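Thanks for coming. I have one structure to go through today, so let me put it on the screen.

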Amino acid sequence: MSQKQVIKDVFPYLKIYDDGTIERYAGTEFTPAGLDSQTSVLSKDIIISTSTTLSARIYRPQNIPNHQKLPLLFYFHGGAFCIASAAEPLYHHCLNHLVSQAKAIAVSVNYRLAPENPLPAAYEDSFAAFRCLSKPGEGTDPWINDYADFDRIFIAGDSAGANIAHHLGFRVKDSESDSGSEVKIRGIVMIHPYFWGKDPIGIERNDGVRKAIVDNWWMLVCPSDKGCDDPYINLFVDGAPSLMGLGCENVVVYVAEKDILCDRGKVYQENLMKSGWKGKAEIMETKGEDHVFHLFKADCENAHVLIKHWASYISNL
């Protein structure tokens with residue numbers, strides 16, 4: 001019997017073989033939901049749609065005073081649209097600490113991954129989760145119905161999840177216009193956002209190896225003849241909507257000095273402020289750190305500073 005052959009190597013995440021099987025090397029670990037004794041945060045998993053296998057992990061503080069309503073955060077994990085989940089230990093740890101500090105309800109969405117489900121599947125799933133859980137009603141989970149302040153809704157994500165948060169900001173605003181819905185996003189949090197482009201900018205010009213790796217990720221997850229200049233990933237090409245249409249009035253963008261995506265995040269914040277958008281966009285750069293360091297180095301001082309700032313942003317807005 002002949003050995004199966006690798007037909008695509010998407011370093012360092014996965015390999016695709018000639019028999020159609022996919023082998024992932026990262027983001028496959030699983031942590032069960034439950035009570036986190038360190039933070040006193042509860043979590044549970046819910047099914048949103050059986051037809052698309054859409055699910056989410058919901059977090060809440062264990063002790064919530066009677067009648068207190070908490071900010072509601074929709075969170076989208078990173079992983080280049082092709083790995084990880086809400087149950088991945090790094091994300092579970094991060095959300096426990098954020099919810100504890102922010103005193104919020106968080107919904108961490110398990111959207112479908114590429115290449116089995118290429119884009120726009122992740123965008124569709126994210127909107128479906130938001131639409132299902134962002135309003136009180138019979139179909140909304142009791143933790144959200146009982147404890148969420150529906151006037152203080154936030155969306156957030158890291159890397160690919162930050163890209164999702166951006167596009168969701170447009171989708172929610174468009175759906176409001178079409179239906180007369182009153183759902184409003186109070187703020188968007190983008191951590192090391194995955195925006196990109198065919199032509200290198202900033203530090204990308206001197207790092208051809210990492211540029212090629214990120215190119216390879218995108219070509220896997222988005223089957224488009226526009227490549228890395230698809231409007232999903234390059235927000236400044238023909239066909240991309242003006243940033244002026246972003247559907248919220250508050251944005252914070254976190255970037256890391258050594259991250260290959262750093263300059264894209266800075267350009268995003270700068271262009272958002274110049275676009276005619278009526279809002280406030282902050283940027284916070286962490287010196288000496290690389291992409292999603294707050295996950296991989298969760299106990300370092302810079303990670304504590306980022307989580308504290310993020311929690312304060314949610315609590316005080």
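Start at strand 11, where N250, V252, Y254 and A256 point one way, while V251, V253 and V255 point the other way. Residues on both sides are buried. In a regular strand, side chains alternate between the two faces of the sheet. Strand 11 covers residues 250-256, and because seven of its seven residues are buried, the strand is largely enclosed by the rest of the structure. Before going further, I should say that this is a predicted model.

What does strand 11 pair with? On one hand there is strand 10, residues 185-191, which runs parallel to strand 11 and is joined to it by four bridges. Within that pairing, I188 stands opposite V251. There is also strand 12, residues 280-286, again parallel to strand 11, this time over seven bridges. There, N250 has K280 as its bridge partner. To get from strand 11 to strand 12, the chain passes through helix 6, residues 262-274, and this β-α-β crossover is right-handed.

Now the sheet as a whole. It is an open sheet of nine strands with mixed pairing, and the order is 4-5-6-8-7-9-10-11-12. Which strands are at the edges? They are strand 4, residues 35-36, and strand 12, each pairing on one side only.

Please look next at strand 7, residues 70-76. This strand is mostly covered, with seven of its seven residues buried. Strand 7 pairs in the parallel sense with strand 9, residues 148-158, over six bridges. It also pairs in the parallel sense with strand 8, residues 105-110, over five bridges. F74 is a useful residue to find on the screen: it stands opposite I155 in strand 9, and opposite V107 in strand 8. A little further along, F76 has V109 in strand 8 as its bridge partner. Strand 7, helix 1 at residues 89-102, and strand 8 together make a β-α-β unit, and that unit is right-handed.

That covers the sheet, so on to charged contacts. Side chains of opposite charge can pair when their charged atoms come close. How many salt bridges does the structure hold? The count is 14, and I will show three.

The first on my list is K44 with D141, at 3.1 Å from N to O. K44 sits in strand 5, residues 41-49, and D141 in the loop between helix 2 (121-133) and helix 3 (142-147), so the pair ties together parts that are 97 residues apart in sequence. Are the two partners buried or exposed? K44 has 24% relative accessibility, so it counts as partly exposed. D141 has 11%, so it counts as buried.

Next is D45 with R57, where the N to O distance is 2.6 Å. D45 is in strand 5 and R57 is in strand 6, residues 54-61; the two are twelve residues apart, and the pair links distant parts of the chain. D45 is partly exposed, at a relative accessible area of 44%. R57 is at 0% relative accessibility and therefore counts as buried.

The last of my three is R210 with D290, at 3.5 Å from N to O. This pair also links distant parts of the chain: R210 belongs to helix 5, residues 208-221, D290 to the loop between strand 12 and helix 7 (293-296), and they are 80 residues apart. Both partners are partly exposed, R210 with a relative accessible area of 27% and D290 at 33% relative accessibility. The contact does not stand alone, since salt bridges that share partners join D207, R210 and D290 into one network.

One more topic, which is internal space. Rolling a probe the size of a water molecule over the atoms shows where empty space is left. How many cavities of 30 Å³ or more does that give here? The count is one. The largest cavity holds about 30 Å³ of space. Its lining is made up of H166, H167, F170, P231, L235, A240, P241 and L243. By type, six of the lining residues are nonpolar, two are polar and none is charged.

To go back to where we began: strand 11 is buried along seven of its seven residues, and it lies between strand 10 and strand 12 in the order of the sheet. That is what I have; I will leave the structure up for discussion.

Key. Residues are numbered from 1 along each chain as its sequence is written. This is a predicted model: local features need pLDDT of at least 70, side-chain atom pairs count only at pLDDT 80 or more; totals for chains, interfaces and linings use all residues. Side-chain values use heavy atoms; hydrogens and water are left out. On a 1 Å grid over the protein atoms alone, a cavity is a set of points where a 1.4 Å probe fits but cannot get out, and a pocket is an open set with protein on both sides within 12 Å along at least five of seven lines; lining residues have an atom within 4 Å of a point. Grid points are joined across faces, edges and corners, and a volume is the space filled by probe spheres set on the points. Ala, Val, Leu, Ile, Met, Phe, Trp, Tyr, Cys and Pro count as nonpolar, Asp, Glu, Lys and Arg as charged, and the others, Gly among them, as polar. Buried means under 20% relative accessible area, exposed over 50%, partly exposed in between (1.4 Å probe, protein chains only). Two strands pair if DSSP finds at least two bridges between them. A crossover is right-handed if, with the strands pointing away from the viewer, the path from the first strand over the helix to the second runs clockwise. A salt bridge is a side-chain nitrogen of Lys or Arg within 4 Å of a carboxyl oxygen of Asp or Glu.
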